[in-house]
Amino acid sequence: MTTSSPTHSPAPSVAADFTPSPALRRTGFVLSGLAILFFIVDAGGKLIAPETMIANTPPLGLPATVSFYRLVGTILAICTAIHVWPRTTLLGAVLLTGFLGGAIALNLRAGMPLFSNTLFGGYVGALMWGGLVLRRPKVGGLLGLSPSNE
């Protein structure tokens with residue numbers, strides 16, 4: 001005896017059908033632009049003037065060498081370029097989130113003030129992801145940030 005059971009299909013996500021208003025898209029571009037601007041300035045500082053970066057960075061337990069800061073700046077610049085390129089923006093956001101997570105961990109380990117220095121990477125990450133979700137609602141659906149039609 002076979003019984004047929006109804007197949008359960010999840011309700012479609014609101015994000016799948018949602019088209020952001022022009023104001024939301026502009027807000028998303030502004031938020032993303034602020035985060036990208038921070039990444040560019042940070043990478044540029046590490047690439048162009050690593051001596052200044054070394055001199056103005058509190059002791060974090062990192063090598064205080066020009067080559068190390070240039071390497072970190074290069075990695076940040078590449079991750080930022082991947083994020084800026086529209087086809088790879090999600091991959092770039094994931095890579096930059098890892099970079100920011102390392103910065104948070106490093107500042108926490110060094111005993112930096114929590115809400116200003118340590119969590120600053122989290123603030124920048126929130127700008128980046130918030131802008132991405134406002135510009136591309138499907139990303140919010142992937143992250144489980146969109147309500148479903150249940």
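Start the tour in helix α2, which covers residues 22-48, and select Asp 42 and Lys 46, two residues that stand four places apart and are therefore separated by about one helical turn. The model you are looking at is a predicted one. With both side chains shown, you can find a salt bridge between Asp 42 and Lys 46, in which the closest N and O atoms are 2.6 Å apart. The structure holds one salt bridge. Are these two partners buried or exposed? Asp 42 counts as buried, at 15% relative accessibility, and Lys 46 is buried too, with a relative accessible area of 11%.

**The whole chain**

Now zoom out until the protein chain fills the window and colour it by secondary structure, which comes to eight helices and zero strands. If you follow the chain along its sequence, the pattern reads α-α-α-α-α-α-α-α. The chain has 150 residues, of which 27% count as buried. Its accessible surface comes to about 9,500 Å², and 70% of that surface belongs to carbon and sulfur atoms. Among the contacts between residues at least 6 apart in sequence, 63% join residues at least 24 apart.

**From Asp 42 to Leu 76**

Go back to Asp 42 and add Leu 76, a residue of helix α4. The two are 34 residues apart along the chain, and their C-alpha atoms are separated by 8.1 Å. How accessible is Leu 76? Leu 76 has a relative accessible area of 0%, so it counts as buried. Setting aside residues up to four places away in sequence, you will see that Leu 76 touches Phe 39, Asp 42, Ala 43, Leu 96 and Phe 99.

**The largest nonpolar core**

Next, select Phe 39, Leu 96, Met 128 and Trp 129 together, since these names lead into the interior. They are the residues with the most contacts inside the largest nonpolar core, which has 13 residues. The elements that give two or more residues to this core are α2, α4 (66-84), α5 (89-109) and α7 (120-135). Which element gives the most to the core? That element is α7, with four residues. As general background, nonpolar side chains in soluble globular proteins tend to be buried together.

Keep Leu 96 selected and display what surrounds it. Apart from its neighbours within four places in sequence, Leu 96 is in contact with Phe 39, Leu 76, Cys 79, Thr 80, His 83 and Met 128.

**Thr 89 and the backbone of His 83**

His 83, which you have just met beside Leu 96, leads to the next stop, Thr 89, which has its place in helix α5. Thr 89 counts as buried, because its relative accessibility is 3%. Show the backbone atoms here as well, and you can find the backbone oxygen of His 83 lying 2.8 Å from a polar atom of the Thr 89 side chain. Not counting residues up to four places away in sequence, Thr 89 touches Ile 82, His 83, Leu 132, Arg 135 and Arg 136.

Stay in helix α5 and move along to Asn 107, which also has its place there. Asn 107 counts as buried, at 14% relative accessibility. With residues up to four places away left out, Asn 107 touches Leu 60, Met 112, Asn 117 and Thr 118.

**Tyr 69 and the loop before α4**

Now select Tyr 69, which lies in helix α4 and is buried, with a relative accessible area of 8%. Add Pro 50, and you have a pair that is 19 residues apart in sequence and 5.9 Å apart in space, C-alpha to C-alpha. Which residues does Tyr 69 touch, not counting those up to four places away in sequence? They are Lys 46, Pro 50, Met 53, Ile 54, Thr 57 and Pro 63.

Pro 63 is worth selecting in turn, and you will find it in the loop between α3 (50-56) and α4. Pro 63 counts as partly exposed, at 39% relative accessibility. Leaving aside its neighbours within four places in sequence, Pro 63 is in contact with Phe 68 and Tyr 69.

**A nonpolar patch on the surface**

For the last stop, switch to a surface view and select Leu 90, Val 94, Leu 142, Leu 143 and Leu 145, which make a nonpolar surface patch of about 490 Å². One of them, Leu 143, is found in the segment after α8 (137-142). Leu 143 is partly exposed, with a relative accessible area of 45%.

Conventions:
Residues are numbered from 1 along each chain as its sequence is written. This is a predicted model: local features need pLDDT of at least 70, side-chain atom pairs count only at pLDDT 80 or more; totals for chains, interfaces and linings use all residues. Side-chain values use heavy atoms; hydrogens and water are left out. Patches are made of residues with over 30% relative accessible area and no salt bridge: like charges are joined within 9 Å, nonpolar side chains (Val, Leu, Ile, Met, Phe, Trp, Tyr) within 5 Å. Accessible areas come from the Shrake-Rupley method with a 1.4 Å probe; for residues, only the protein chains shown count as cover. A salt bridge is a side-chain nitrogen of Lys or Arg within 4 Å of a carboxyl oxygen of Asp or Glu. Buried means under 20% relative accessible area, exposed over 50%, partly exposed in between (1.4 Å probe, protein chains only). A nonpolar core is a set of buried Ala, Val, Leu, Ile, Met, Phe, Trp, Tyr and Cys residues joined through side-chain atoms within 4.5 Å. Contact means heavy atoms within 4.5 Å. A polar contact is a pair of N or O atoms within 3.5 Å; within protein, one must be able to donate a hydrogen and the other to accept it, and residues adjacent in sequence count only if both atoms are side-chain atoms.
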